[in-house]
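Me: I'm new to this structure and would like a close look at one part of it. Please pick a good starting point and work outwards from there.

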Amino acid sequence: MGLYIEALIRTDPERLWERTQDSALHQRWDLRFTEISPLPGPAGSAQRFRYATRVLPFLTVAGTGTSVGERERADGERVSALRFASSERLSLLAEGSGYWRYVPTADGIRFLTGYDYRTRWGRFGAIADRVVFRPLMGWATAWSFDRLRLWCERDISPARSLTHALAEVLTRILLLAVALPFGPAVVLPAALAALLAPPSPLTPAARRCLRRPPGRPAAAPSVLARLERP
C-alpha cells in the first residue's frame, strides 16, 4: 500500500516550486532527509542527487536518486517525479519511486505526494516496515508538508517551526509532570489535555494534512514511467 499525503498551501506557485525543487531548500523543511546534494549529469537530463538520513547520532544511511519536473502542462498542474535507491545494507529501504503534484485551486495549491518503496531484510524487514517504518514515514511526510506550508504562508522558517514544535512538546510533558503528584484524578485530565489539545498555529502538525485521496486516486504522472532508476 503506497503512501499518500496532501496539504493545501496558499502561496505563490513559483515560491512553492522553488522550495520543493531546489535541493538546498528542500532539505531545510523535509524531516526525512538530513542532506540532499545534486550530482553532476548531462545538461537536459534528469537531475541526479545523493540523499542522506541520520537515523541515530552515530548512524547515517545514504542513497542516490533521479528526479524530473514538468512546470508547464496543458491541465495547469505541475508535476515532479523521482526514483531512489540505497545500496547500504543498514538501510531498510532498498528502492522506491514517487511523485509530487501541484494542483492550482481557488483556495490555494493542493500539494500532494504519492510514493512507495521496496524493503530489504526479508520477512523481518516487511514486518518492521508495516509496524514501525511506514507509519513513521507517513507521519514525517505529513509533518514536513505542514512545516513547508508555514514557511510559504507565514514566513516561519523551518528552523523556527522546529523550535516551536520542540517547545510545545516540552510544554505538554511539563503539564503532565506537574500533575503527577496529585494522583489519578488530576493526572488523567492532564494526560488527555497533553495528548488531545490542538497544536499551536505556529507549530507544524501532521494532522492538518490529508492521508487519503479526497476522491478517486489519480494515476501517477506519465513522466515517472519514463524516469530511469538511479
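**One charged pair and its surroundings**

Reply: Let's start with Arg101 and Glu77, which are both buried. Here, buried means under 20% relative accessible area, exposed means over 50%, and partly exposed is anything in between (1.4 Å probe, protein chains only). Before going on, note that this is a predicted model, where local features need pLDDT of at least 70 and side-chain atom pairs count only at pLDDT 80 or more, while totals for chains, interfaces and linings use all residues. Residues are numbered from 1 along each chain as its sequence is written, and side-chain values use heavy atoms, leaving out hydrogens and water.

Back to the pair. Arg101 and Glu77 form a salt bridge, with their closest N and O atoms 3.2 Å apart. A salt bridge is a side-chain nitrogen of Lys or Arg within 4 Å of a carboxyl oxygen of Asp or Glu. Arg101 belongs to strand 6, whereas Glu77 sits in the loop between strand 4 and strand 5, so this bridge ties together parts 24 residues apart in sequence. Helices (H or I, at least four residues) and strands (E, at least two) are DSSP runs, numbered from the N terminus.

That bridge has company: the whole structure holds 15 of them. In another, the side chains of Glu14 and Arg71 meet at 2.4 Å, N to O. Those two come from distant parts of the chain, 57 residues apart, with Glu14 in helix 1 and Arg71 in the loop between strand 4 and strand 5. Glu14 is partly exposed because its relative accessibility is 35%, and Arg71 is partly exposed too, at 38%. Then there's Arg226, whose side chain meets that of Glu70 in a salt bridge at 3.4 Å, N to O. This link spans 156 residues, from Glu70 in strand 4 to Arg226 in helix 6 (residues 222-226). With 57% relative accessibility, Arg226 counts as exposed. You can also look for a network of salt bridges linking Asp146, Arg149, Glu153 and Arg208.

Now for the sheet around strand 6. This open sheet has seven strands in the order 1-7-6-5-4-3-2, with antiparallel pairing; two strands pair if DSSP finds at least two bridges between them. Strand 1 (3-9) and strand 2 (35-39) are the edges: each has a single partner strand, so one of its sides has no neighbour in the sheet. From one strand to the next, the twist averages 20°. For such angles, axes are lines fitted to C-alpha atoms (for helices, over the stretch in contact), and values run from 0 to 180 degrees between N-to-C directions.

At one edge, strand 2 pairs with strand 3 (residues 47-56) in the antiparallel sense over five bridges. One residue to find there is Ile36, whose bridge partner in strand 3 is Tyr51.

Helices pack on this sheet as well. Helix 1 (residues 13-21) touches strand 1, strand 4 (59-70), strand 5 (78-85), strand 6 (93-105) and strand 7 (108-119), and its direction makes about 170° with that of strand 6. Helix 3 (residues 122-154) packs on the sheet by touching strand 1, strand 6 and strand 7, at about 160° to the direction of strand 7.

Either side of helix 3, two loop residues are worth a look. Trp121, in the loop between strand 7 and helix 3, has a positive phi near 75° without being a glycine. Asp155, in the loop between helix 3 and helix 4, is not a glycine either, yet its phi is about 55°.

Helix 4 (residues 158-179) is where you'll find Glu168, which counts as buried at 15% relative accessibility. Leaving aside neighbours within four places in sequence, Glu168 is in contact (heavy atoms within 4.5 Å) with Pro198, Pro199, Ser200 and Thr203.

Last stop: Leu196 in helix 5 (residues 184-196). At 61% relative accessibility, Leu196 counts as exposed. Together with Leu188, Leu192 and Leu195, Leu196 forms a nonpolar surface patch of about 450 Å² accessible area. Patches are made of residues with over 30% relative accessible area and no salt bridge, joining like charges within 9 Å and nonpolar side chains (Val, Leu, Ile, Met, Phe, Trp, Tyr) within 5 Å; the areas come from the Shrake-Rupley method with a 1.4 Å probe, and for residues only the protein chains shown count as cover. For a sense of scale, the C-alpha atoms of Leu196 and Leu59 are separated by 33 Å, with their positions 137 residues apart along the chain.
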